[in-house]
Structures are given as structure tokens and as C-alpha cells.
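Visitor: Can you walk me through this one? I'd like to start with the strands.

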Number of protein chains: 2
Amino acid sequence: MPDAPVTLSQVAREAGVSLATASRAINGSATRSVREDLRERVLETARRLDYSPDPSAQAMARGRTTALGLVVHDISDPYFSTIAAGVARAAEREGLIVTLASTEHSPDRELAFVELARRQRSRAIILAGSRIALPDGGPESPPAEILAEAAGKARALEMALTAFQEAGGGVATIGQGVGGLPVVEIDNAGGAGALARALHGAGYRRFGVLTGPPGLRTAADRTDGFLETLSALGCAALDRDVVDGNFTRDGGYEAMTRLLSRMRGDAARSAGNIPEVVFAVNDVMAVGAIAAVRDAGLSVPGDIAVAGFDDIHTLRDVTPALTTVRVPLEEVGEAATRLALGLEAKNMVVHGEVVLRDSTPERSG
Amino acid sequence: MPDAPVTLSQVAREAGVSLATASRAINGSATRSVREDLRERVLETARRLDYSPDPSAQAMARGRTTALGLVVHDISDPYFSTIAAGVARAAEREGLIVTLASTEHSPDRELAFVELARRQRSRAIILAGSRIALPDGGPESPPAEILAEAAGKARALEMALTAFQEAGGGVATIGQGVGGLPVVEIDNAGGAGALARALHGAGYRRFGVLTGPPGLRTAADRTDGFLETLSALGCAALDRDVVDGNFTRDGGYEAMTRLLSRMRGDAARSAGNIPEVVFAVNDVMAVGAIAAVRDAGLSVPGDIAVAGFDDIHTLRDVTPALTTVRVPLEEVGEAATRLALGLEAKNMVVHGEVVLRDSTPERSG
DNA sequence: CTGTTAGCGCTTTCAT
DNA sequence: ATGAAAGCGCTAACAG
């Protein structure tokens, strides 16, 4: 027979106390206290009956749930799944249940989940990799109407987040700040700059960049940080390529293919206009870029060196080993959780660490 | 001001109807119906007030939640995160919220989550990669007490799952069946067998196997399927190695390293006792194995060919491209969701597809 | 067809 | 220190 879960009142009856006392004994009330022997008795019967509270009922009574919402673009992307692992660990430590939303890059779905979190009275919500930030309207930026629509959605999301916060929920974003909301900031610009400096130090002088999709702040910051450091060093990128799509392996492949074909057609090719190294703004794209180089009959790093960003663990064994900027993603997830829960001072910033590997060998000459 | 979410009674009042009518208008009661104009009016006010129901309250009243529990070993493992993507997609389609549990390979935590799901009255629960199955007590099997403990935990888990089911929850497991519970079975043995046949067809005759941790059914089935087909073809594996740890990249690395050192010391080495190809029972391990071969100063596939299992998307670009058995993990996740929800007939089985790539080139001679 | 009224399981005043 | 009772927001009998 479907044995219904044991309720608190059963425990109370069995222990010979009132419902209220049982409740207080089990989750120690702030104001009231319970006589030692009674508490003992209640706890013991609870254990014996294998009682455990119904989260929904507690949520109703307390006006807040025990749920922590995690919103990612795509849980199958190792960037996000690594963050998710950190969040899951930290959440469990706090006794919270994590509810996962994989938006598949849809801003509408992102918004819907934030609103769901609010009405569901989630304890907190963590947004990873939000597209919230807007492109700065550079030369390759999309048409105005698209921009306006994106701006509208970004604003709606920010409002929803703020509303959630005002309703008492905790919020944390991962990546970059959003209108004053708490953030575990990843120093994308700084990391990319450090990478540029390291590559320059290794003897590279001619650079290409696969920038990732316009409108993704993470991508833009990495690009900018890289380019700015480059010019500070007296170099300029030879070529940059905007990747459509979503920061993916295939995006990296296509971008590199375009970059390569541009080089081929280039009359200035003999003038040394070929990048010695190409920086793809994340590892997953870098891997696609390497594949593209190979499919074009060239070699990495022989003909072109390639560097990425993130240091995705699963990609640790690609060949040649990828030069990248390590970001402790799992820790970022944990930090975001603590931040969202108010266990931590706000707005921490995580710095990446440059890791030079075989994909960008020291360049002698 | 923390604007509290709009409640149904506010909507009812505003629309000038009773609470019950409002409820019926919004989620069409099975038995009762509502006059068209009233329904309209309610719906309109609900929209205007931006009402949305409180899931906890609905859960209490209805006696069941809108939550779908997903339990995985490690969400940062691409095998599981890909499954999770499928589950998330299917769940969203059904209007369910997925609550994620990453157990970090702890059977205790697995059990705890199943029990949580029950008392929380989750609609359904999906277990991926459970360690539920027991080793068959082969020569390398662990000591009896460990076995007994594992058996106890497996039994407890199965009981919890059954209890959950009897309480009205849906259940699906992924990988292999568990005591008659619904399962999206992955034909691990068949896939591994097909791989063995394909490698044999490509000219390989001397095989090694990195079997993965004892006690993991998925690993065991793949190993067995491979070895059985091998002997049917008149071959035997030269060497097999048990990987401690958890089916991971490092596990693969270590296992391959051990296998290699065994070969070195082997007097029979000149007698052709070196495997031509090593089958690692999943891609992640295979990647580690390749790294180990290289670190030993040998090459893949020049000195040793390597094959994996799963066809993890993120690993698509390792070099050399990995021969593997493709498992449509995302679809598996979707199927499991439908199965757990009773939208699908039970116990589907998914067959993998052998994909021969550069890591196991045709062997002439 | 609509409205009234019990709860769902738990927390929390408010009395005692 | 304990208990009785009033909800939390919603659904589902049960009356009209």
C-alpha cells in the first residue's frame, strides 16, 4: 500500500505532545524553547518513525522554499556543468535543493525561469553566463532592431531579478556584473590581457582573435582585454573574426575557417600578414579552431598556434595541449552559491591563471 | 517594497468571482466547467495582475509536486551533463521543474536524494549511472565485507525507489535495469561487442581492455560484451586492467600506465604479447589512456591503438580522433523522462553505433 | 454552473 | 514551557 509519508502530527501524537511542541523540538524555534526531556522524546519518535518534513508544507508556512535556482545556457556545455557541480556541492552543504534550468540560449526562457523562481519563492537564484550585457555597437554589431529587442529582454531580465531580490530572494550572477546585482566576476579582460602578454613574451607578434558572438559580454571582455594589452605592447591583431552561434566548438571551427580563407585570398599574405597565433575566446571554440586548421591541411602549432580560455578539464588532453587561462569554475559555482545566500561579502572577483602548453610553443626568432 | 506575488484570491476578487471559480477557470477542473464569459474574465484579470500559481501551495493541495528529480554521479562529467540536457529539455516540455542531485559517487547521498524525492512528493525521479548493480565476484572483486556493504546499499536504494513508486511517483533508471524498475537500457554489451567485431574486421588481433571500476554495471557490461565477442571470434584479450576510482580520465591514465609497465617487464614481450589495440570502456578513460601512452614515449595509434565508448561530443576533437560507440545520450535523457512520467511504454533499449576513427586505423598485415 | 468550506503539513502567534 | 488555533495559497468535495 502506498504508505503515505509520516507527518509531524503523527510524530506529535506518538510522542504525546502537541503539534507545536513537536515542531519546536525538531527545528528549534527562535523564541520558544522546549524542555529537554520532551525534545528528546520527540526527536526519538521522529527518528523511529522515519519522519522527515514536507518541503512544500514548510515552504507554505514559512513563506520561503528550500530551493536554489540555477540558470545556465546549456548544461551539456562543460563550462556550465562544471559550475553546476560547484553549485550542487555548496547547495547540498546548505541543505538546499537545486533546481536546474537549461535555457538553450533563449533569453525568453531565462526570463521565464527567473519569474518562476520568484513566484515559487526560491531562496536564491544563480545566473550563469547570462546574455544580459549588450554589445557596444561596434562595426560588426547587429542591426538596430535586433539590438533594441535584446536590450528590451536584458532590461526585462534585470527587472525580474530585481523584483526577485526585493521579494527577499538572493541573487548572484556569474561572469560579469549586472546593474549592481551581486556577482562572482570573472576577470575575463585581465586574464585575456595576461595571456596576450604571455604569448608576446613567448615571441609571438602577429595575432588573430576569434571573438565569439557579439552581445556576449564574456566573449567581448576577453576580446577587448586581449586586444588592449596587445596594443599596449605595440602590437595589433591582424585579424579578428566574429563567431556567430553560441560560443561553441562549431562556432570556433567556422570562424577559423573564415579566417583561413581570408588569409588565402589575401594579396598581402607574403607580406607576413598571417597570424602566428590565434586566440579563441574559449577552449571549446579553440578546439574547433584547431580542427579547422587541420582540415585546411595546416598544422597546430606548426603553421598556426592556438590558445583558448577556461581550462576545461575534459579538454585537458586535446593535442596539442591547449594554452589557456585557467578559471576555477567549480569554485566559482560554490562562491556564487554562498554569495546568493548572503554567506559571503558581495562581488568577489576571480582571476584566471595563464597556462602555457604545447599549442603555443616558445617562438625562437 | 517587496511586492508579494499575486494570489488566486486576489484574482478572484478582482474578477468578481469566487476562489473556486477562479481556480477552475485557470486550470480547467476535470469535473466542473466554467461559463465562457466568466472564464474569460478570470483569465484576463489573471493576465493583467501577472498572476502565477504558487507551486508549493499547489503541491500541498494536490498532493503532488511539479518536480522531477534527476540523480547523477557527477554533473561535471560530460556523460551525465549530456543526459541532463535531455532531461531538462523533456521536463520543460512537460512543465516540470528539474531538481538536480550530483551525488559525487556516494551511494548514501543517492539514497538520501531518493528519499527526499519521496517525501517531497516529486512527480518522478530519474537515476543515471547508479551503482546499484553488484560485481559478480570475479577474481579481482573486492573483499566480502565491502561487497556486503555495497549490497546493503543497493538493496536500500532499490527499496527506496520502490517505495517512491508505490507512493505514486514515476521512476526511470538509465543504463541497466534494476529489479524490474523502468529503465532506458543502454545496450552496453552489444555495443562493445560490435566494437570488438569492427576492430577485428579492421585487422586487429591482440586486444587489451581497461575495464573500469568493478561494481559499476555499465563498465562490467561493456567489458563482458567486448570479451565475449572476442572469444567468439577466436581471440582473447591479452591483458585487462581494473581501473580504480570512478571511470575517469585519471582512472584511464593510471590503468594504461599499469598495463604499459606490465608489458615492459614482460619477458614474453617479444613473443608478440603487446596489445595492438586497447579498449577503454568509456571515452573519458580512453582520453586518459592516450595521454598515458604518450607520456610513456609511445604513440597512438602508431604503437597502440585506442578505442572508447559513448562518443562524448566535447571529446570529438581529441587527436587522434577517437574510435568509439556512439550513444545518443541526450535522447536517452529525454526518453528516460518520458518513461518516468509514464508517457512511454517501458524499458526501451538504446543501441550504440560503432564509429571508427583515426585512433584505430585499418591494420594492413 | 457557481460558491462555501474543508483541509494539505507545517509554523507561529496568542493564550494559558 | 506548552498547547490551541490561525493561517500560508490552492484544490476538491460538497452544497446550492
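Visitor: In what order do the strands of the 12-strand sheet run?
Guide: This is a predicted model. The order in the open sheet is E11(A)-E5(A)-E4(A)-E3(A)-E1(A)-E2(A)-E2(B)-E1(B)-E3(B)-E4(B)-E5(B)-E11(B). The pairing is mixed.

Visitor: Which strands stand at the edges?
Guide: Strand E11 (349–350) of chain A and strand E11 (348–350) of chain B. Each has a single partner strand, so one side of each lacks a neighbour in the sheet.

Visitor: What packs on the sheet over in chain B?
Guide: Helix H6 (residues 107–119) of chain B does. It touches E1, E2 and strand E3 (124–128) of chain B. The direction of H6 makes about 175° with that of E1(B).

Visitor: And how many bridges join E1 to E2 in chain B?
Guide: There are 6 bridges. Strand E1 (residues 67–72) and strand E2 (residues 97–102) of chain B run parallel.

Visitor: Which residue stands opposite B:Leu70?
Guide: B:Leu100, in E2(B).

Visitor: Switching to helices. At what angle do H5 and H12 of chain B pack?
Guide: About 45°, with the axes 7 Å apart. H5 covers residues 78–93 and H12 covers residues 329–340 of chain B. The two helices are therefore oblique to each other.

Visitor: Is their crossing left-handed or right-handed?
Guide: H5(B) and H12(B) cross in a right-handed way.

Visitor: Which residues make that contact?
Guide: From H5(B), they include B:Tyr79, B:Ile83, B:Val87 and B:Arg89. From H12(B), they include B:Leu329, B:Val332, B:Ala336 and B:Arg338. By class, the contact of H5(B) with H12(B) has 10 nonpolar, 4 polar and 5 charged residues.

Visitor: Now the DNA. Which residues come nearest to strand C?
Guide: A:Leu8, A:Ala20, A:Ala61, B:Ala20 and B:Arg35, out of 30 residues around DNA strand C.

Visitor: Which helix gives the largest share of that surface near strand C?
Guide: H4(A), with 5 residues. Helices supplying at least two residues there include H1 (8–15) of chain A and H2 (19–26) of chain B.

Visitor: How do the residues near strand C divide by class?
Guide: Into 15 nonpolar, 9 polar and 6 charged.

Visitor: What about strand D, which residues come nearest?
Guide: Of the 28 residues around DNA strand D, A:Ala20, A:Arg35, A:Met60, B:Leu8 and B:Ala61. H2 and H4 of chain A give two or more residues to this surface, as do helix H1 (8–15), H2 and H4 of chain B. H4(B) gives the largest share, 5 residues.

Visitor: And the classes near strand D?
Guide: The surface near DNA strand D has 15 nonpolar, 9 polar and 4 charged residues.

Methods
Residues numbered from 1 in each chain as written. Chains lettered and ligands numbered in written order. Predicted model: local features only at pLDDT ≥ 70, side-chain atom pairs only at ≥ 80, totals over all residues. Pairing = 2+ DSSP bridges. Helix = DSSP H or I, 4+ residues; strand = E, 2+ residues; numbered from the N terminus. Contact = placed C-beta atoms within 7 Å. Axes fitted to C-alpha atoms, helices over the stretch in contact; angles between N-to-C directions. Parallel < 35°, antiparallel > 145°, perpendicular 65-115°, else oblique. Left-handed = near helix turned anticlockwise from the far one by under 90°. Nonpolar A, V, L, I, M, F, W, Y, C, P; charged D, E, K, R; others polar. Near = placed C-beta within 6 Å.
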